[in-house]
Each structure stands twice: as C-alpha cells, then as structure tokens.
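I opened my notebook to look up a helix, the empty spaces around the fold, and a loop residue. Here is what I found, in the order I looked.

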Amino acid sequence: MGYSKAQKARTHKRIVAIASRRFREKGLAGFGIAELMKEAGLTVGGFYKHFDSRDELVAEAVNSAFGGWKRRVDAAKSSGRPVSYEKLIDDYLSEAHRDNPGTGCAFSALAPEIARSDKRTRALTSEQVRNDIQLIAALRPAKDERKARSRAIFTFSALVGAMSLARAVSDEAFSREILKTVAELLKA
C-alpha cells in the first residue's frame, strides 16, 4: 500500500527538520544520508523518493533553519512587545545559543560549509542574509539609510563571527568572554 500525498509531505518535512538540526550540530559533511534516514525511521532507498540529490536536501534543510529572527520579531509584534536591538543581541550571543547549535543560527554553525555549497543553497543564503541585515537595520533606524545598512552588516558579521569563535574555543571562560565582549561593544 502506498503513502498518501499528505503522509509523504509530513515525512518529507520530518526528514528536512532532522537534517536541518543535525547539519547545524555536525556540519554538512558530518551527517550522512544513512544516519538521517535511520533517525527518521526510513530506509536509505526511501531518500530518493523525497529528494533528487543530497544537494537538494542540504538546500531545503538550510533554508528551513533560516528566518528565526523574523519569526521571533513577528511573534513579538503580535504580543505587543516588539523585539529590541539589544534583546536580539543578548539572545544571539547567549550561552544557550552557543550550547545548542542544532536549534540555533545556521550561519554561525555552517557559513564556511555553505560557501562551498551548490548555487541554490548559496542563493537561498544570500537572500536570508539580506533579510536579516534589513531586519537589523530596521531595529536601529538612522537618518542615513546607507549608514544604517552598514551598521547592520557590521552587527550581523560580528554576531555570526562571535558565535563561531565562542563555539570553537575550548576554554569556557574565554568563550563567555567573547560573547560578553562583542555584546557589550555592539550595544555601546
């Protein structure tokens, strides 16, 4: 008996969600199709019923990880308490975010690997970087749009870089110092 389209869609979504989390935890090369399908409770052969290639999965998984800030900003607006620039920085440069890459920002977890990905993944990434920079610029409006955009690019780069370094160092105190120092400088 075959699967219904709805069941296939749910399975596809589950595979993408697992891949998105594991890629952020282990890297694009650190988590294989066999592991993915086993975790999803499926066979390796079933992979090709959902994806034409590994690159297609990577693009979908990375794309599903994007948009966290926008979702948070939208949710905060609907509750009447908009997200502030300072709150965005504090949340991003937190130890909780550092310690949970599987649910965190795809950029700080995967940027060097995404840079070596296929055109589709890089195009999706480019679009999301632009969206995030625009979101940051909107949180700190300036009379000069060019200056606001430049500040937003700097902020985004500092956030991703600080998180990447904080995860890379083996000294816990040094890791916290990186997060705290960059947060203080960005909010100054």
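Before I tally any lining, a note on classes: Ala, Val, Leu, Ile, Met, Phe, Trp, Tyr, Cys and Pro count as nonpolar, Asp, Glu, Lys and Arg as charged, and the others, Gly among them, as polar. I also remind myself that this is a predicted model.

**Entry: second largest pocket**

I began here, to put the classes to use. By class, I get 4 nonpolar, 3 polar and 4 charged residues in the lining of the second largest pocket. The lining residues are Gly-67, Lys-70, Val-73, Asp-74, Lys-77, Gln-128, Asn-131, Asp-132, Leu-135, Ala-138 and Leu-139. Two elements, α4 and α8, each give two or more residues to this lining. Which of them gives the most? I found that α8 does, with 6 residues. The volume of the second largest pocket came out at about 230 Å³.

**Entry: largest pocket**

For the largest pocket I noted a volume of about 320 Å³. It is lined by 21 residues, and the closest to its centre are Gly-68, Trp-69, Arg-72, Gly-104 and Cys-105. Two or more lining residues come from each of α3, α4, α5 (85-92), α7 and α8. The largest share is that of α4, with 4 residues. Sorted by class, I have 8 nonpolar, 8 polar and 5 charged residues in this lining.

**Entry: the cavity**

How many cavities of 30 Å³ or more are there? I counted 1. About 40 Å³ of space lies in the largest cavity. Around the largest cavity I listed Tyr-85, Ile-136, Ala-137, Arg-140, Ala-148, Arg-151, Ala-152 and Thr-155. The elements giving two or more residues to that lining are α8 and α9 (145-168), and α9 has the largest share with 4 residues. The class split for the cavity lining is 5 nonpolar, 1 polar and 2 charged.

**Entry: helix α3**

I had met α3 among the elements lining the largest pocket, and wanted a proper look. Helix α3 covers residues 54-65, 12 residues in total. From first C-alpha to last I get 17 Å, close to the 16 Å expected at 1.5 Å a residue.

At the N-terminal end, Ser-53 acts as the cap of α3, with a side-chain oxygen 3.4 Å from the backbone nitrogen of Asp-55. After the helix I found Gly-67, with a positive phi near 90 degrees. Gly-67 also turned up in the lining of the second largest pocket.

Which residues of α3 are buried? My list reads Leu-57, Val-58, Ala-59, Glu-60, Ala-61, Val-62 and Ala-65. The partners that these buried residues pack against are α1 (5-26), α2 (33-39), α4 (68-79), α7 (106-114) and α8 (119-139).

**Entry: Ser-117**

Last, I checked Ser-117, which sits in the loop between α7 and α8. Is Ser-117 buried or exposed? Ser-117 counts as buried because its relative accessibility is 19%, and buried means under 20%. A polar atom of the Ser-117 side chain lies 3.2 Å from the backbone oxygen of Glu-113. Setting aside neighbours within four places in sequence, I see Ser-117 in contact with Leu-28, Val-58 and Arg-122. Val-58 links this entry to the previous one, being among the buried residues of α3.

Definitions and conventions:
Residues are numbered from 1 along each chain as its sequence is written. This is a predicted model: local features need pLDDT of at least 70, side-chain atom pairs count only at pLDDT 80 or more; totals for chains, interfaces and linings use all residues. Side-chain values use heavy atoms; hydrogens and water are left out. The expected span of a helix is 1.5 Å times one less than its number of residues. Buried means under 20% relative accessible area, exposed over 50%, partly exposed in between (1.4 Å probe, protein chains only). Contact means heavy atoms within 4.5 Å. A polar contact is a pair of N or O atoms within 3.5 Å; within protein, one must be able to donate a hydrogen and the other to accept it, and residues adjacent in sequence count only if both atoms are side-chain atoms. On a 1 Å grid over the protein atoms alone, a cavity is a set of points where a 1.4 Å probe fits but cannot get out, and a pocket is an open set with protein on both sides within 12 Å along at least five of seven lines; lining residues have an atom within 4 Å of a point. Grid points are joined across faces, edges and corners, and a volume is the space filled by probe spheres set on the points.
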